Amino acid sequence: MKNTIKSVQDLYDMLDAEFRSAKQFWEPFYEDRNRPIPFFPNKPDENLVAHVNSGILAGGKALELGCGPGRNALYLTREGYEVDAYDLSEQAIAWAKERAAEEQLEVNFECKSAFELTPQEEYDFVYDSGCLHHLLPHQRIPYIQMIHNGLKPGGYFGMTCFAPGFGGQGGPESVMDDWEVYREKSMKGGLAFTEEKLRYLLEDPFECVELRPMKTKGQEDMCFGLPILWVTLWRKPNV
């Protein structure tokens, strides 16, 4: 029955309808590949490289959510992972597939929403490079649960997200109260998180391995890094 709330999903659908769809934003975002967007070059996140080099991430099956043009998925594949990578933007997925073909790498790139996925303890590693901070607060509930369900016991969840205080550098200046998002019907380009808020959201289902500011990397470096982001790594307990 239209416009009748009977389930939690009905409630989510009602809240979603108050905002522009994510696909409407991201599809045109990736159309011009020559735009000076810091994360367009084919370079992996510095924290991802650090965890592979340290041996914490040692291969297996990986899932990337919001993969964009594929830079992190391609890196993980080069490092021996079997990778499934998803993004809402057809433009981004087309670009990612072109990059994979150029490098002769096999990556399962698909244009699909994270909310369409129902993995069951099949991944050793799940990675989110800037997806969570573009989700509406109510969308975090099924998103985090999906990641937890998809990880094998002992598996890792890595993430980068906006830190506050970088209003003039491409990030948010302050942390919005979740209720404020719905009052204003806007996330103002992305939500910033404090360390306390990240721990509050994630430390019940996961064990925190690392939470720190991202290291700054320049154009000459082989990996990506901007100080406007947190980098985090979490582990799903064995029991």
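Right after helix H3 comes Gly55, and its phi is positive, near 95°. Keep in mind that you're looking at a predicted model. Gly80 does a similar job of catching the eye just after H4, with a positive phi of about 100°. From there, let's go through the two helices, then the aromatic rings, a pocket and a few single residues.

**Helix H3**

- The buried residues of H3 are Glu46, Asn47, Leu48, Val49, His51 and Val52.
- What lies over those buried residues? The cover includes H4, S4, S5, S6 and strand S7, which spans 229-235.

**Helix H4**

- H4 runs over residues 71-78 and is mostly covered, with seven of its eight residues buried.
- Which ones are the buried residues of H4? They're Arg71, Asn72, Ala73, Leu74, Tyr75, Leu76 and Thr77.
- These buried residues pack against two helices you can look up in the structure, H3 (46-54) and H5 (90-103).
- Strands join in too: the buried residues of H4 also pack against S1 (60-65), S2 (81-87), S3 (108-111) and S4 (123-129).

**A closer look at Asn72**

- Asn72 is found in helix H4, and its relative accessible area is just 2%, so it falls under the 20% cut-off and counts as buried.
- Leave aside the neighbours within four places in sequence, and Asn72 is in contact with Pro44, Asp45, Leu48, Glu64, Tyr127 and Ser129.
- One of those contacts, Leu48, is itself among the buried residues of H3.
- For a sense of distance, Asn72 and Leu132 are 60 residues apart along the chain, and their C-alpha atoms are separated by 16 Å.

**Aromatic rings**

- The count of aromatic pairs comes to 15.
- Take Phe157 and Phe206: their ring centres are 5.6 Å apart and their planes sit at 40°, so this pair is tilted.
- Why does this pair tie together parts that are 49 residues apart in sequence? Because Phe157 lies in strand S5 (residues 151-162), while Phe206 is in the loop between helix H8 (195-202) and strand S6 (207-213).
- Are Phe157 and Phe206 buried or exposed? Phe157 counts as buried at 1% relative accessibility, and Phe206 is buried as well, with a relative accessible area of 2%.
- There's also an aromatic cluster, formed by Phe25, Trp26, Phe29, Tyr30, Phe39, Phe40 and Trp95.

**Charges over rings**

- Which ring does the charged end of Arg35 sit over? That's the ring of Phe29, with the charged end 4.7 Å from its centre. Phe29 is also a member of the aromatic cluster.
- Arg71 lies over the face of Phe224, at 4.7 Å from the ring centre. You've already met Arg71 as one of the buried residues of H4.

**The second largest pocket**

- The second largest pocket has a volume of about 230 Å³.
- Thirteen residues line this pocket, and the closest to its centre are Pro38, Pro41, Lys43, Gly218 and Gln219.
- Sorted by class, the lining has seven nonpolar, three polar and three charged residues.

**Two lysines in one loop**

- Lys185 isn't a glycine, yet it has a positive phi of about 55°. Lys188 isn't a glycine either, and its phi is also positive, about 55°.
- Where do you find them? Lys185 lies in the loop between helix H7 (178-184) and H8, and Lys188 is in the loop between H7 and H8 too.
- Lys185 counts as partly exposed at 47% relative accessibility, whereas Lys188, at 52%, counts as exposed because the cut-off for that is over 50%.

**Two partly exposed residues**

- Ile5 is found in the segment before helix H1 (8-16), and at 48% relative accessibility it counts as partly exposed.
- Not counting residues up to four places away in sequence, Ile5 touches Asp10, Leu11 and Met14.
- Phe115 lies in the loop between S3 and S4 and is partly exposed, with a relative accessible area of 39%.
- What does Phe115 touch, leaving aside its neighbours within four places in sequence? Phe115 is in contact with Leu135, Gln139, Pro142 and Tyr143.
- Phe115 and Trp26 are 89 residues apart along the chain, with 16 Å between their C-alpha atoms.

Notes:
Residues numbered from 1 in each chain as written. Predicted model: local features only at pLDDT ≥ 70, side-chain atom pairs only at ≥ 80, totals over all residues. Heavy atoms only, no water. Buried < 20%, exposed > 50% of the residue type's maximum accessible area, 1.4 Å probe, protein only. Helix = DSSP H or I, 4+ residues; strand = E, 2+ residues; numbered from the N terminus. Contact = heavy atoms within 4.5 Å. Phe/Tyr/Trp six-rings, centres within 6.5 Å; stacked < 30°, edge-to-face > 60°. Lys NZ or Arg CZ within 6 Å of the ring centre and 35° of its normal. 1 Å grid on protein atoms, 1.4 Å probe; cavity = no way out; pocket = protein on both sides within 12 Å on 5 of 7 lines; lining within 4 Å. Points joined across faces, edges and corners; volume = space filled by probe spheres on them. Nonpolar A, V, L, I, M, F, W, Y, C, P; charged D, E, K, R; others polar.
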